[in-house]
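Hello,

Here is the structure for you to look over. My notes follow it.

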Amino acid sequence: MKGVAPGFLVAVPRLQDPDFEQAVVLVLEHSPKGSLGLVLNRQSKLTFGELAKAQELPLSVGHEGERVHVGGPVEPFRGFILHDAPETPDSHEILPGLFLTVANTSVEPLFLNNEARLLFCLGCSGWGPGQLEKELKEGSWLVTEASAEFVFGESPTRMWQAILTQMGIDPWRLVPSGGMN
């Protein structure tokens with residue numbers, strides 16, 4: 001399926017899975033072997049400051065209060081960092097202005113970079129071969145273009161509604177049951 005990665009998956013109201021209810025997922029990889037993404041609008045109670053202290057990592061004051069996100073139910077203790085610092089070692093460009101790193105060697109430079117915008121996710125979202133295609137055919141997700149500005153510029157609590165509005169869809173007019181009676 002073309003155009004899914006990199007892109008946003010937006011959950012429709014009838015998707016009642018607690019891991020994905022009103023979720024916005026950045027799809028990082030999509031191939032016949034399966035798909036991988038990060039939920040962008042699920043914040044945990046854990047802050048960067050608490051994470052850095054527990055891992056004995058230095059952290060700039062500017063990032064201390066930022067919340068760690070829950071990227072999905074798969075590999076919940078694996079870290080994924082989305083950022084806008086192209087000079088960071090071991091980073092992969094996902095979109096213009098949006099980079100991903102999973103390398104431990106990149107965490108410290110990013111945590112010390114006051115200028116970098118960061119979104120740290122624990123865990124990811126995964127789909128096996130054909131699984132995402134099936135969910136798309138069932139109407140569980142909408143697909144739209146992704147942008148770095150949306151990743152970093154939108155409040156996680158408003159993200160689902162904002163992206164649907166940007167798509168020209170009134171989220172409150174979507175039918176939770178998936179159809180008319």
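Strands β4 (residues 43-47) and β5 (residues 67-70) pair in the antiparallel sense, over two bridges. T47 has R67 of β5 as its bridge partner. β5 also pairs with β9, in the parallel sense and again over two bridges. There, V70 is matched with L122 in β9. Bear in mind throughout that this is a predicted model.

Next, the cysteines. A search of the whole structure finds zero disulfides. The closest cysteine sulfur to that of C121 belongs to C124, and at 9.5 Å it is too far for a bond. C124 is likewise in no disulfide; its nearest cysteine sulfur is that of C121. For reference, a disulfide here needs the two sulfur atoms within 2.5 Å. Are these two cysteines, C121 and C124, buried or exposed? C121 is buried, because its relative accessibility is 0%. C124 is buried as well, at 1%.

Now the core. The largest nonpolar core has 26 residues. Those with the most contacts inside it are F8, L26, L38, L40, L82, L98 and V151. At least two core residues each come from β1 (7-11), β2 (24-31), β6 (74-83), β7 (92-95), β8 (98-101), β9 (118-127), α4 (148-153) and α5 (159-166). The largest share, five residues, is supplied by α5. Take V151 as an example. Leaving out residues up to four places away in sequence, V151 touches F8, L40, L82, L98, L119 and M159.

Helix α2 (residues 104-112) is worth a look down its axis. Its buried residues are S106, V107, L110 and F111. They line one face of the helix, because they fall within an arc of 125 degrees in that view. An α-helix has 3.6 residues a turn, so residues three or four places apart point the same way. What do the buried residues of α2 pack against? Their partners are α1 (48-54), β6, β8 and β9.

Last, a charged residue in a loop: E154, between α4 and α5. E154 counts as buried because its relative accessibility is 18%, and the cut-off is under 20%. The side chains of E154 and R158 are joined by a polar contact of 3.3 Å. Beyond its neighbours within four places in sequence, E154 is in contact with E149, M159 and A162. M159 is also on the list of residues that V151 touches.

Best wishes

Conventions:
Residues are numbered from 1 along each chain as its sequence is written. This is a predicted model: local features need pLDDT of at least 70, side-chain atom pairs count only at pLDDT 80 or more; totals for chains, interfaces and linings use all residues. Side-chain values use heavy atoms; hydrogens and water are left out. A nonpolar core is a set of buried Ala, Val, Leu, Ile, Met, Phe, Trp, Tyr and Cys residues joined through side-chain atoms within 4.5 Å. Buried means under 20% relative accessible area, exposed over 50%, partly exposed in between (1.4 Å probe, protein chains only). Helices (H or I, at least four residues) and strands (E, at least two) are DSSP runs, numbered from the N terminus. Contact means heavy atoms within 4.5 Å. The arc is that of the directions from the helix axis to the C-beta atoms. A polar contact is a pair of N or O atoms within 3.5 Å; within protein, one must be able to donate a hydrogen and the other to accept it, and residues adjacent in sequence count only if both atoms are side-chain atoms. Two strands pair if DSSP finds at least two bridges between them.
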